[in-house]
Amino acid sequence: MAQHSVETGDEAENAATAKAGVLTPRLPQDIGIRSQRQRILEAMAKSCAEKTFSRTTIADIVEHAGISRGTFYKHFANKEECVFAAADAFLLELQGVGAIAYARSGDLPLNSVRDVIAAVLERLATKPEHTKLLLIEAPIVDPEVVRRYRSFVIGALKSMLQAGSNVARAKADPEIAFGRAKVLIVDYVAAGQSEDLPSLLPELVYIALLPYAGQAAALAQAKNAR
Amino acid sequence: MSDSKDPEAAKLAPVGDPPSNLHLWKLPRGRHGLPRELVLQSQRERLLAAVVRVTAKKGYQASSVADILKEAGVGRETFYKHFKDKEDCFITANDALVADLEAEVKEAYDQAGSWPQRVRRGLASTLEWFAANPEIARVMMIEMGTVGPIASSRFRETFRRFTALLDDGSKSIEEVPDLPNIANIAGGAVFARVYEEVALGNTTSLPHLMPQLTFELLLPYIGEEAAARERDAAQAEEPQP
């Protein structure tokens, strides 16, 4: 399973490489396998964007990735396994992006939330094919994908906002907040407007803060985010 | 949000007239107790009813035109007289179902009362409509998402038509918060929750979500305190078991 730990986003990968590289230099063959798998995942995202997952064939992936059919099956049993791996990889990348934005943001929890959302939206916008794969294609194959990132998103928000002692406990439900955000974002992605996602920052700041900071504070922060 | 980048929206086929009384071809068949032949008169209606039944049974991707023909008891030629292909037939059936839901919701929403009261009635009729038709709910919410870009764009249009109702009505409240996309943020709470319950197979218990969804739907417009009052009113109206 060692080669499965790679897709943690550029930053996280670089950090991991820097740490690991000192003591355990990678073998060239290992690097080859890693990049093969990476190429397959990229090819899956590309093909899903072009013709949807249900119309994507192994032949399409093999062609986009420039590998042999045998190489594909060395990494994945079927195209479903491959699309889930691609969704997981992108989710990990987004987690990395969010964690870095959080680390760089100041001490005010409300500002941190804004910075993290902004960073994640930027990444979604710059990788529209992966965004479509994660938010639309993979959930059609298995709705479990959504549950996985929901628990991550809600957990992250909770830990960011409960870190600050000044936040009130309002009664809006965080799971409903996640649903609102998903509807708003998927609407853009499904319309092929992923590149415009960063414009949703004020709305998403509002949605994220509503269950924790309450209506008045959430509206004020949304206004600031414009 | 502009639709200009949504080329599929322009390509949609014109919507046919929905069958005169949709309830008569809702699932499960035979519940109305009338001979099927009396009720399902036209071939077109038979095909629309059939595509919904077949999709509910097998899923959209797995069902074929042959399945629809068999279910409707009509010939292939007849099918292609009415519809371009399976997708066209399915989307037309979905449009008819949406029209039925929309008419019912509007009727509830348009009755006199304060705006939050009207929202409550509209929401209740939405949840009850889905709860009364769990298989149809599954076809409209879940299967519709697996069809393709035309269906997905139609789906988004439908959602926007429903949230536009909120935009219209909310003009009557004192001060609508200055928040972009407020109707989608409000309506998204209901849509996401209904979608999830339908996916989990809990469609028949949707009406029990009235208090919570009333609160979440109105919250962006009127704030916690006023939304909580509406939630309590919805709670009080809930039928006792």
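Here is a short conversation about a predicted model with chains A and B.

Reader: How do you know what confidence chain A has on average?

Author: Happy to go through it! On a confidence scale from 0 to 100, chain A has a mean pLDDT of 84. In chain A, 81% of the residues reach 70 or more.

Reader: Which helix of chain A has the lowest confidence, and which the highest?

Author: Helix α1 (residues 9-23) of chain A is lowest, with a mean of 44, while helix α3 (residues 58-65) of chain A is highest, at 96. The pLDDT is also below 50 over residues 1-25 of chain A, a stretch with 24 contacts in the model beyond near neighbours in sequence.

Reader: What makes parts of chain B low in confidence?

Author: The scores themselves: pLDDT stays under 50 over residues 1-24 of chain B, and again over residues 27-40 of chain B. The model has 28 contacts beyond four places in sequence for residues 1-24 and 14 such contacts for residues 27-40. As a whole, chain B averages 85, and 82% of its residues score at least 70.

Reader: What makes residues of chains A and B count as being in contact?

Author: Their C-beta atoms, placed from the backbone, must lie within 7 Å. By that cut-off, 27 residues of chain A are in contact with 25 residues of chain B. On the chain A side, α9 (174-190), α10 (201-213) and α11 (215-225) each give two or more residues. The largest share, eight residues, comes from α9(A).

Reader: How many residues on that side of chain A are nonpolar, polar and charged?

Author: The side of chain A that touches chain B has 14 nonpolar, six polar and seven charged residues. The model scores ipTM 0.80 and pTM 0.81.

Note on methods
Residues numbered from 1 in each chain as written. Chains lettered and ligands numbered in written order. Predicted model: local features only at pLDDT ≥ 70, side-chain atom pairs only at ≥ 80, totals over all residues. pLDDT = per-residue confidence, 0-100. Contact = placed C-beta atoms within 7 Å. Helix = DSSP H or I, 4+ residues; strand = E, 2+ residues; numbered from the N terminus. Nonpolar A, V, L, I, M, F, W, Y, C, P; charged D, E, K, R; others polar.
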